[in-house]
Every structure is written in structure tokens, then in C-alpha cells.
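Biologist: Please take a close look at one part of this model, the surroundings of a single residue in a nonpolar core. Then follow the connections outward from there.

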Amino acid sequence: MKLIKRIFSGFCTGIAIGMAFSIFFSKLYGISYVPSTPQFINHFDGLTNAVLVSVVLWGLMGVLWTLCSGIFRIKSWSLLKQTVIHFIVSYVGYTILAIFCGWFPMNWLPYYTVIFILAYVFFWTMVIMHERYNIKKINRALNNH
Amino acid sequence: MIADELQQNTLIMGFRNEEVKPLKFGTLIRFYTNKSYVMAEVKPKFIYRVKYRIYQLNHLLPTEFVQISSSEIVNFNYVDHLELVRNGTIKLVLNNHESAYVSRRFVSNIKKRLRI
């Protein structure tokens, strides 16, 4: 039941964020509302279908997001394993969904991949630095015992 | 005075084979869960079964005992140091060279108990 609730709320959050971004970009380019790029919309006859498919894809992104966050709650896995599995699942999932959404041309894929990897390296470094700092502090307190 | 006496001596009973023994806080190294039993390790190297759950022990034990994961409580007078393992897990090394693993969720708990 909890899982169904999480999936539902992820779906709704995904739609809300996707909606906000598509309105923002439509406004930015000063055009009447479109859910995604012209290449994407050209696949459909009529704007309604394009919006419908976009909304479903945004929802699925939200679901992927909530399911992925559960990986960090698996206590028996080390931080390394959690991070690597999280990376693989979210990279594969988001790449497929983003390509379906037509968010970027295929020749951008290498840049996207590099940014994706850098985000995880940054996260890993921050967490490790934080833990190292904590352990140093604890060890100092232990020595003064 | 009686309260001090109670703090120093203990009400926690250890069970081993036919033996039942009151466990003194000062000699207790750690408590850990083994399958569904909570075990107590007592200096120098005795293992007793206790009839409390980890969360119950948390309320019974004095401040030198700190919970380090959902299944383990350690007496910090017997802790040598902590170290970060390559895969991001935190290892706790005891004076007797045994080790235990600290959950990241419990690090703040340790800091609070050590007053840092």
C-alpha cells in the first residue's frame, strides 16, 4: 500500500515539474504553449496527443525518481553499492525517458552522460568528506577519554 | 546511594547454558543481535544471551553505551577508533581488535553521546 502511495505521489510530482518546465520554456521562447520540442510534437497529429504523451512520460520520470530513492534505504548495502546501483538504474531509466521526450538530439548524449557521471562523483565526494570529518571528530573525542 | 549502587551493579541478567549471571556494566563490551536473540559480550570473552531487545537496552544502559546500528550497542570505553572503509561503510574497532559496523544513520547519535 505504501509503495502504491509512493508511486502515485511520484507520478503527480513528475507531472507538476514537467508542466512547470514546459510552461517556462514556452514562455522563454515567446510561443503559445507546447509540451516539448518541435521534433517531438511533429510525431503526433494534434497538440492534445503530444501533451498527453508528455504528461505520461513526466509522470514516469517522477515514479523512477521515487523508486530510485528507495535504493538508499536498503540498509544491508554499502554506500558504494547503493550509489552504483542508483546510478545505473537512474541513468538507464532517465536516458530512455528523456530520448522519448525528445529533450535533446542524440549527438548530445556524450555531454549528458558526462554531466550525469559528474553529479554522482560530486555526491560521492561530498558524502565521503562529510563522513571523514565526522570520524575524525569522534576519534579525537575517543582519544581524550 | 541506593541509586548509585543500582547503576554500578546491574539488573541485566545474562544466560549461558545453565548459568544465569548479573552482568556488570563495566565489564560489558557490547550487545548485538544474532538471529532473533540479543547477545552480550563480556570481558574477557564471554557471550551471554539477554532477554531484552536492543531498543529496551537503550533505555536501561548508562551513557557510555551507544547504539551504532539497528542491531548493535557498544560500550564506548572499549572502543579504540572508527575508520572509513573504501566502500563508504564505517568500521568501529574495539580495544580487543574485534570490529563492528556503524550505520550512517547512527553517526549523529554517537556524536550526541560523545558531546561533540
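Modeller: In this predicted model, B:Leu92 touches B:Ile68, B:Val74, B:Phe76, B:Val79, B:His81 and B:Leu82. Its contacts also take in B:Glu98, B:Ser99, B:Ala100 and B:Val102, where residues up to four places away in sequence are left out of the list.

B:Leu92 belongs to the largest nonpolar core, which has 20 residues. Those with the most contacts inside this core are B:Leu92 itself, B:Ile68, B:Phe76, B:Val79, B:Leu82 and B:Ile110. From chain B, two or more residues each come from strands E6 (65–69), E8 (79–84), E9 (90–94) and E10 (99–102) and from helix H3 (107–113). Chain A takes part through H5, which also gives two or more residues. H5(A) in fact gives the most to this core, with four residues.

A second, separate core has 17 residues, including A:Ile41, A:Leu57, A:Tyr94 and A:Phe116. Two of these names return in the packing of helix H4 against H5 in chain A: A:Tyr94 on the H4(A) side and A:Phe116 on the H5(A) side.

H4(A) covers residues 79–101 and H5(A) residues 109–143, and their axes come within 11 Å. The axes cross at roughly 155 degrees, so H4(A) and H5(A) are roughly antiparallel to each other. The crossing of H4(A) and H5(A) is right-handed. H4(A) contributes A:Leu79, A:Leu80, A:Thr83, A:His86, A:Phe87, A:Ser90, A:Tyr91, A:Tyr94, A:Thr95 and A:Ile99 to the contact. Facing them in H5(A) are A:Leu109, A:Tyr112, A:Thr113, A:Phe116, A:Ile117, A:Tyr120, A:Phe123, A:Trp124, A:Val127 and A:Ile128. By residue class, the contact of H4(A) with H5(A) holds 15 nonpolar and five polar residues, and no charged ones.

Two exposed residues can be set beside these cores. B:Lys45 sits in the loop between strand E4 (37–42) and strand E5 (46–50) of chain B. Its relative accessibility is 52%, so B:Lys45 counts as exposed. From B:Lys45 to B:Val79, one of the residues that B:Leu92 touches, the C-alpha to C-alpha distance is 15 Å, with their positions 34 residues apart in sequence.

In chain A, A:Gln39 is part of helix H2, residues 38–41. A:Gln39 also counts as exposed, because its relative accessibility is 53%. The C-alpha atoms of A:Gln39 and A:Leu142 are separated by 62 Å, and the two residues are 103 residues apart along the chain.

Note on methods:
Residues are numbered from 1 along each chain as its sequence is written. Chains are lettered from A and ligands numbered from 1 in the order in which they are written. This is a predicted model: local features need pLDDT of at least 70, side-chain atom pairs count only at pLDDT 80 or more; totals for chains, interfaces and linings use all residues. Side-chain values use heavy atoms; hydrogens and water are left out. Axes are lines fitted to C-alpha atoms, for helices over the stretch in contact, and angles run from 0 to 180 degrees between N-to-C directions. Angles under 35 degrees count as roughly parallel, over 145 as roughly antiparallel, 65 to 115 as roughly perpendicular and the rest as oblique. A crossing is left-handed if the near helix is turned anticlockwise from the far one by less than a right angle, and right-handed if clockwise. Contact means heavy atoms within 4.5 Å. Ala, Val, Leu, Ile, Met, Phe, Trp, Tyr, Cys and Pro count as nonpolar, Asp, Glu, Lys and Arg as charged, and the others, Gly among them, as polar. A nonpolar core is a set of buried Ala, Val, Leu, Ile, Met, Phe, Trp, Tyr and Cys residues joined through side-chain atoms within 4.5 Å. Buried means under 20% relative accessible area, exposed over 50%, partly exposed in between (1.4 Å probe, protein chains only).
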